[in-house]
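Here is a briefing on the two ligand sites of one model and on a buried acid. Look at the structure, then read on.

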Amino acid sequence: MPTPLMPIPGHIDPVPLPREVTPREDGRVDLIGLSRAAITEVFAAAGLDPRAAKLRAKQVFHWIYHRGVIEFDAMTDIAKTMRPWLTERFVIGRPAIVEAQASTDGTRKWLLRTADNHDFEMVFIPDADRGTLCVSSQVGCTLNCRFCHTGTMRLVRNLTPGEIVGQVMLARDALGEWPKAGGTMAGLDDDVEDETDDAAQAYSADGRLLTNIVMMGMGEPLYNFDNVRDALKVVMDGDGLALSKRRITLSTSGVVPLMARAGDEIGVNLAVSLHAVSKDVRDEIVPINRKFGIEELLEACAAYPGASNARRITFEYVMLKDKNDSDADARELVRLLKHYKLPAKVNLIPFNPWPGAPYECSTPERIRRFSDIVFEAGISAPVRTPRGRDIDAACGQLKTAAERKSRAELDRLAEEKQAALG
Ligand code: SAH
Ligand code: SF4
């Protein structure tokens, strides 16, 4: 089913991309990704009077996002007679899982597929004190940063709010982390029994695996602003997935005009993919720099709503051998962060290689030295340990197996052709 096109920034400037939710062939509406208000609307459009629509939307919102149920039949405070009416008209979907992989270091990666057959990925990174889900905002990315595998994907499509929030829901499914009703699940009564309090209690229990979310998977989240915002609102909703905005980080390559809105309308932690301190180098490795330069970017960081010493902005810096990793680069980084008085921390990311990548990772000694210079100036600059490299789950390695395969297939065909000619 064709979907309407929307303008989306290409290499730097807009190209048209499908955006809207693809209608299901059975005509039912998928509720995942919809806000409470939107669920109210679709219920009213299906014939409920406004008061009933609002009440049902509130109940259903809780069941699908807070409790993770995927069947209307499990919604015990909704009358039994009402449930078939819901089932006939609506579904509670999930992105399809094509493949699940686990790294030797515990990192897990899922290859997912949209209803219209686009593949994208999400990664779960467990640590001693937290578990971070790395969520994708687009299939591919239009921005072509030269060190990033995702940027080489030909196919790009914005993910819908349902496909974004659906990743978090799938992770909760896989980790078995939906709260159980506390105590009195009285079976499938027609009674309207509210067990919200019990569930909320069960929900706040410590020891959960999935504690943090980073919008650092495939895609540039600020080039899919509305959908990312709508999805994260559901994730942050106390009666939804109930994750605190302090545990969510959005990473941008530097879409300056949307940064203030991200702070105002989403309000999560900000990470910025800086990666270079001079115009020449940043123009080369993060091409969006040709449109929004370093000064503009750092000014937007200084103005980011909610940034403070308690809530620092993370500057990501990928370590590329002989490209951006000199002592002078480290000193210039310190100078810039101080000049703009930024409440900053720096994440040094060893470059994760992929087939055909035009760069190499800096040596461990170089990375250590770079980190020391920044630390000595009073700015935290830890070196990130790459995670999940063996399953191509590390930063910048995401690119769907389907595309990897087709590339391999193309190479094989090219070789066969050569052989035939020779
Ligand atoms: N598009 C957003 C978020 C996704 S990328 C952004 O660019 O910020 C998440 C982080 O991984 C970014 O900082 C990105 O620059 C970094 N990254 C990309 N490719 C990488 C690679 N091959 N090795 C290490 N880090 C990489
Ligand atoms: Fe896109 Fe981020 Fe990769 Fe750049 S680093 S190509 S913005 S996903």
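Which atom of ligand 1 does a polar side-chain atom of Ser251 lie 2.6 Å from? The partner is an oxygen atom of ligand 1. This is a predicted model, where local features need pLDDT of at least 70, side-chain atom pairs count only at pLDDT 80 or more, and totals for chains, interfaces and linings use all residues. Residues are numbered from 1 along each chain as its sequence is written, chains are lettered from A and ligands numbered from 1 in the order written, and side-chain values use heavy atoms, without hydrogens and water.

**Ligand 1**
- A polar backbone atom of Asn352 is 2.9 Å from a nitrogen atom of ligand 1.
- A polar backbone atom of Cys395 is 3.3 Å from a nitrogen atom of ligand 1.
- On its own, ligand 1 has 530 Å² of accessible area (Shrake-Rupley method, 1.4 Å probe), and the protein covers 96% of that.
- The shell (residues with a heavy atom within 4 Å) holds 21 residues, and Phe147, Gly219, Ser251, Ser273 and His275 come nearest.

**Ligand 2**
- Ligand 2 is surrounded by Cys141, Leu143, Asn144, Cys145, Cys148, Gly151, Gly219 and Ser253.

**Glu220**
- Glu220 sits in the loop between strand S11 (212-215) and helix H6 (225-236).
- Glu220 is buried (under 20% relative accessible area, 1.4 Å probe, protein chains only).
- Glu220 has no salt bridge (a side-chain nitrogen of Lys or Arg within 4 Å of a carboxyl oxygen of Asp or Glu).
- Arg282, the nearest side chain of opposite charge, is 8.4 Å away.
- The Glu220 side chain reaches the backbone nitrogen of Ser253 at 2.8 Å.

Key: Polar contact = N/O pair within 3.5 Å; in protein donor to acceptor, adjacent residues only side chain to side chain. Helix = DSSP H or I, 4+ residues; strand = E, 2+ residues; numbered from the N terminus. Buried < 20%, exposed > 50% of the residue type's maximum accessible area, 1.4 Å probe, protein only. Lys, Arg positive; Asp, Glu negative; His and termini not counted.
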